[in-house]
Amino acid sequence: MTKTSHSIKDIIVTPIAVGDPPLLNCVGVHAPFALRIILEVITEGGVTGISEIPGNKETEEAILRIKPELIGLDVFQPNHILRTVASTFPDQSDGENRGGAPWDQRIVVHIFSALEVACLDIMGKELNCRVSDLLGGTMREQVPFAAYLFYKFKGAGGQFGYELDSNATGWDKARQAEATSTSGIIDQAVAMCEAFGYKSIKLKGGFFPPDKEVEDTLAIHKAFDGTMPLRYDPNAVWSLETGIKWAKVFKGKLEYLEDPVRGQKNMALLKKEVNIPLATNMCTTSFKDLPGSLQVHSEDIILSDHHFWGGLRSTMELYKICKTFGRGFSMHSNSHLGISMAGMVHIGAALPVFDHEFDTHYPWQNEDVIVGGKLKVEEGCVTLPTGPGLGVEIDRIQLQKLHQNYLDCGLTRRDDEAEMQKLDPNWKIVDTRY
Ligand code: GKR
Ligand code: MG
């Protein structure tokens, strides 16, 4: 490829660690730090594009391994970049190696997502338009998100470890408080909704037995007068029998039930027994899964994640397929910072029809890597940044600080099971717990 001002000159990869409270899920508990990777793509013309993806050592090493192949490629030609990434890691192609964990581990989609978002950021800066414009046009300035509740142990994570900051108030206090009881989770819901004005709520489950978690979900439903759209997600750790039993109890009370059981077949069987809206970020997770999904009707709503579906344009393609085949669309989330948030906001801004408030873990992190600090969530919405590209920039001091956290904390990959075993040596990840 001939060198132009749009050719990639350099790629800077910075692993970071950001404080994360001890949130519970079906595989264990979050470690005191969530890992992310910040990517900076710099063109020959001197323009920098940025992106953020989930962190782990393998992904970081894979990006560094492929970096020489990427130098010289044109940021306006993401398909060429994808071909280079896919041919460097042929065994990691779309649909493979998803694993059974609640989060995705595939290398190609992560690396390509990081590169594509950074390229789109550069294109926006070059063309003086926003990424949402490049995704087909800006349909709205406010993008709605849902409150994301977690059962949790006491503590804020990060530098505080499991200690409480006794001066905290409002959401910050609730963010640190233990929430394992029914009243604890309701307090968390109220504090989160008061602080950010969310208009729908999701409870992450799969840790406690279903009878307790279902009871708590129904208590949240009642605490908000039965008017708040509610989602519940045990991350597929229920058997089909358990799923059918509790889905019947939820009927008419949930906006949707997310991944009650494992795999498209079981989801479809549950749906045949109980006609309740089902969503997934676990059984239909790549384009290769779509024929199977359509054949058996495993879910009504597909939760994309641009880090897992190969970028923002792929996410828009998935949206189109969802609309074509009568499926709802929304976005999944893991612990993340403002650059990933900006990517989600640009997708939300570009969707012709907005179905369901997006998931976000964002309130659980109390610091950020972008200039100006965390993006505001007001009335449940994040306002689309006004600047060109993603509209957010890296705060160099914060980047250095969070990189130092990474070097100091000693974590190299997410391992909620190992973290949980520090508290309960008998804890083990299982496919079906209940
Ligand atoms: O962060 O603990 C967590 C969640 O369980 C996350 O890993 C899931 O990927 O939030 C996600 C989900 O909706 O399944
Ligand atoms: Mg989920």
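This is a short tour of a predicted model, one selection at a time.

**Stop 1: the metal**

Start by selecting the magnesium ion (ligand 2). Which protein atoms are its donors? Show the side chains of Asp233 (OD), Glu258 (OE) and Asn281 (OD1): these are the donors, lying 2.0 to 2.2 Å from the magnesium ion. Along the chain, the donors follow the spacing D-x24-E-x22-N. Now colour Glu258 and Asn281. Glu258 lies in strand S10 (residues 256-258), while Asn281 is in the loop between strand S11 (278-280) and helix H10 (290-296), so this pair ties together parts that are 23 residues apart in sequence. Are these two residues buried or exposed? Both Glu258 and Asn281 are buried.

**Stop 2: ligand 1**

Next, select ligand 1 and the 17 residues around it. The ones that come nearest are Asn25, His30, Tyr148, Asn235 and His332. Zoom in on Asn25, where a polar side-chain atom lies 2.6 Å from an oxygen atom of ligand 1. Two of the magnesium donors, Asp233 and Asn281, turn up here again. A polar side-chain atom of Asp233 lies 3.0 Å from an oxygen atom of ligand 1, and for Asn281 the corresponding distance is 3.2 Å.

**Stop 3: the seven-stranded sheet**

Switch to a cartoon view and find the open sheet of seven strands, in the order S7-S8-S9-S10-S11-S12-S13, with parallel pairing. Which strands stand at the edges? They are strand S7 (147-150) and strand S13 (328-331); each has a single partner strand, so one side of each is left without a neighbour in the sheet. On average, neighbouring strands of this sheet are turned by 25 degrees against each other, direction ignored.

Stay at the S13 edge and select strand S12 (residues 301-304), which is joined to S13 by four bridges and runs parallel with it. To see one partnership, pick Ile301 and then Gly328, its bridge partner in S13. Now add helix H11 (residues 312-324), which lies across S12 and S13 and runs at about 155 degrees to S13.

**Stop 4: the three-stranded sheet**

Finally, look for the open sheet of three strands, in the order S1-S4-S5, where the pairing is antiparallel. Its edge strands are S1 (8-19) and S5 (48-54), each pairing on one side only. Here neighbouring strands are turned by 20 degrees against each other on average, direction ignored.

How many bridges link S1 with strand S4 (residues 33-43)? There are 11, in the antiparallel sense. Select Ile12 and you will find it opposite Glu40 in S4. End with helix H13 (residues 396-409), lying across S1 and S4 at about 65 degrees to S1.

Key. Residues numbered from 1 in each chain as written. Chains lettered and ligands numbered in written order. Predicted model: local features only at pLDDT ≥ 70, side-chain atom pairs only at ≥ 80, totals over all residues. Heavy atoms only, no water. Donors = N, O, S within 2.8 Å, 3.2 Å for Na, K, Ca; no water. Helix = DSSP H or I, 4+ residues; strand = E, 2+ residues; numbered from the N terminus. Buried < 20%, exposed > 50% of the residue type's maximum accessible area, 1.4 Å probe, protein only. Pairing = 2+ DSSP bridges. Axes fitted to C-alpha atoms, helices over the stretch in contact; angles between N-to-C directions. Contact = heavy atoms within 4.5 Å. Near = heavy atom within 4 Å. Polar contact = N/O pair within 3.5 Å; in protein donor to acceptor, adjacent residues only side chain to side chain.
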